[in-house]
Amino acid sequence: MAILITGADGYIGWPATLRVAREFPEERIVGVDNYARRRWVEEVGSVSAVPIASTNERLKAAWEHGYRNISFIEGDLCDRDFVNQLYVTYRPRIVLHLAAQPSAPYSEISGERANYTQHNNTQSTRNLLWGLKENNLLDTLFVETTTTGVYGAPEFDIPEGYVEIERNGRRDTVIFPGMAGSWYHMSKCQDVNNLWLANRQWKLSVVDLRTAITYGTTTDDTAKDARLATRFDFDFYFGVVVNRFAAQALSGFPITVYGKGAQKKPYIGLQDAVDSIAAAAHRQGTGKFEIFNQTSGPVGIGEIAEAIENNAREMGLRVEVEHIENPRVEKEEHQMVMENQRFISELLPNQRVDIDAGIRDTLESLAPYRDTLIAYKDRFVPEQLLRRVAVS
Ligand SMILES: NC(=O)c1ccc[n+]([C@@H]2O[C@H](COP(=O)([O-])OP(=O)(O)OC[C@H]3O[C@@H](n4cnc5c(N)ncnc54)[C@H](O)[C@@H]3O)[C@@H](O)[C@H]2O)c1
């Protein structure tokens, strides 16, 4: 039996591969990636702060630590023949689809990058879905990490996937409309609609994990060996806010809060993210389109900056917080309130990370790489804002 995991070279994908290999030791875990993320980060002039090993080195280290069921195939999921070959060869029982171009700012560099992002993400998903249909694999469970960004920024509490609509005395349940605020996030709205369609047309069992902003450096598995480390990006395009702030604090660059910092957004620690992906892999055979808000809860940007400032001070670092003009088009004071009860009770009953502990861990495990952060500190904010930040 095999489990296919796409995006296996990625920030979440590599630790998820190790976690799933441990969860299902009797099954072959087949990781797939085309190394695009390594190229994108190089293209925007940055590096992973934590040095990452080649796939061969990672697999050798994994083997030495007892993970003996992992294989890796390099290939582009936009290529239908490649996807079909994977299915013919492995006939996976579960597909965990994590491959995507996941950066909103990167998708907005130009029309060409917007096209690339939407084509890459939606074509990969369509190939994977139609591949299941055309290879008689409709009993396979399909899990995708979409994003909480699918919901946009509505002024009411966000449900866990579905909403009931009543009009003129008749009612129906539909999935919450895709109201994404970036070209990347919109690619995931398209994925959601296609996943839902595949479920309605073919009864494919689907788990749509609406993944929140994921932060942190390590998991139980990656912490076992430096060769098992996952990447950690901190640049304007690929560093998510918590990771970027932590890197700024360590490099002596001011923590750059966009606007007033009054926004609240949902988060999840890397360990909790991979634990819940492993739990989602147990939901085969439902015939349902299940949606879970994969978050441990909302946190304010100002609160994150404060927690980083406090923890960094305890480590003897001098930290400044600077409010800069928001380079993103978004509602500045939006408080994203999101239901996540089903997610917590069914997929993450033993939550491990809270934001304060997560930040402390991140700062401590990044500290050995301060020189890299200092060398690349002009990557924290976009070029047009760089000159306005007082670099110390
Ligand atoms: N990290 C977050 O905060 C976050 C939040 C919400 C959703 N997500 C989603 O979770 C998933 C994993 O995110 P991540 O942060 O690990 O991103 P990542 O970029 O580190 O991982 C994605 C991987 O997919 C690979 N990939 C992309 N296109 C491919 C293709 N056509 N063929 C083969 N491989 C391809 C990339 O090389 C990369 O290694 C993505 O789907 C992302 O949209 C992430």
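Which helices and which strand each supply at least two residues of the shell around the ligand?

**View 1. The elements that form the shell around the ligand in this predicted model.** Helix 2 (36-43), helix 6 (111-134), helix 7 (183-202) and strand 9 (213-215) each supply at least two residues of this shell. Among these elements, helix 2 gives the most, with three residues. Sorted by class, the shell has 15 nonpolar residues, eleven polar residues and five charged residues.

**View 2. The residues that come nearest to the ligand.** The ligand is surrounded by 31 residues, of which Ile-12, Asp-33, Asn-120, Tyr-184 and Lys-188 come nearest.

**View 3. Polar atoms of Asp-76, Thr-145 and Thr-214 beside the ligand.** A nitrogen atom of the ligand lies 2.9 Å from a polar side-chain atom of Asp-76, while an oxygen atom of the ligand lies 3.1 Å from a polar side-chain atom of Thr-145. In the case of Thr-214, a backbone N or O atom lies 2.8 Å from an oxygen atom of the ligand. The ligand taken alone exposes 820 Å², and 97% of that area is buried by the protein.

**View 4. The packing of helix 8 against helix 10.** Helix 8 (residues 241-251) packs with helix 10 (residues 301-314) at an angle of about 35 degrees, their axes being 10 Å apart, and the crossing of the two helices is right-handed. On the side of helix 8, the contact involves Val-241, Val-242, Phe-245, Ala-246 and Ala-249, which meet Ile-301, Ile-304, Ala-305, Ile-308 and Ala-312 in helix 10. The residues of this contact divide into ten nonpolar, no polar and no charged.

Definitions and conventions: Residues are numbered from 1 along each chain as its sequence is written. This is a predicted model: local features need pLDDT of at least 70, side-chain atom pairs count only at pLDDT 80 or more; totals for chains, interfaces and linings use all residues. Side-chain values use heavy atoms; hydrogens and water are left out. Axes are lines fitted to C-alpha atoms, for helices over the stretch in contact, and angles run from 0 to 180 degrees between N-to-C directions. Helices (H or I, at least four residues) and strands (E, at least two) are DSSP runs, numbered from the N terminus. A crossing is left-handed if the near helix is turned anticlockwise from the far one by less than a right angle, and right-handed if clockwise. Contact means heavy atoms within 4.5 Å. Ala, Val, Leu, Ile, Met, Phe, Trp, Tyr, Cys and Pro count as nonpolar, Asp, Glu, Lys and Arg as charged, and the others, Gly among them, as polar. A residue is near a molecule or strand if one of its heavy atoms lies within 4 Å of it. A polar contact is a pair of N or O atoms within 3.5 Å; within protein, one must be able to donate a hydrogen and the other to accept it, and residues adjacent in sequence count only if both atoms are side-chain atoms. Accessible areas come from the Shrake-Rupley method with a 1.4 Å probe; for residues, only the protein chains shown count as cover.
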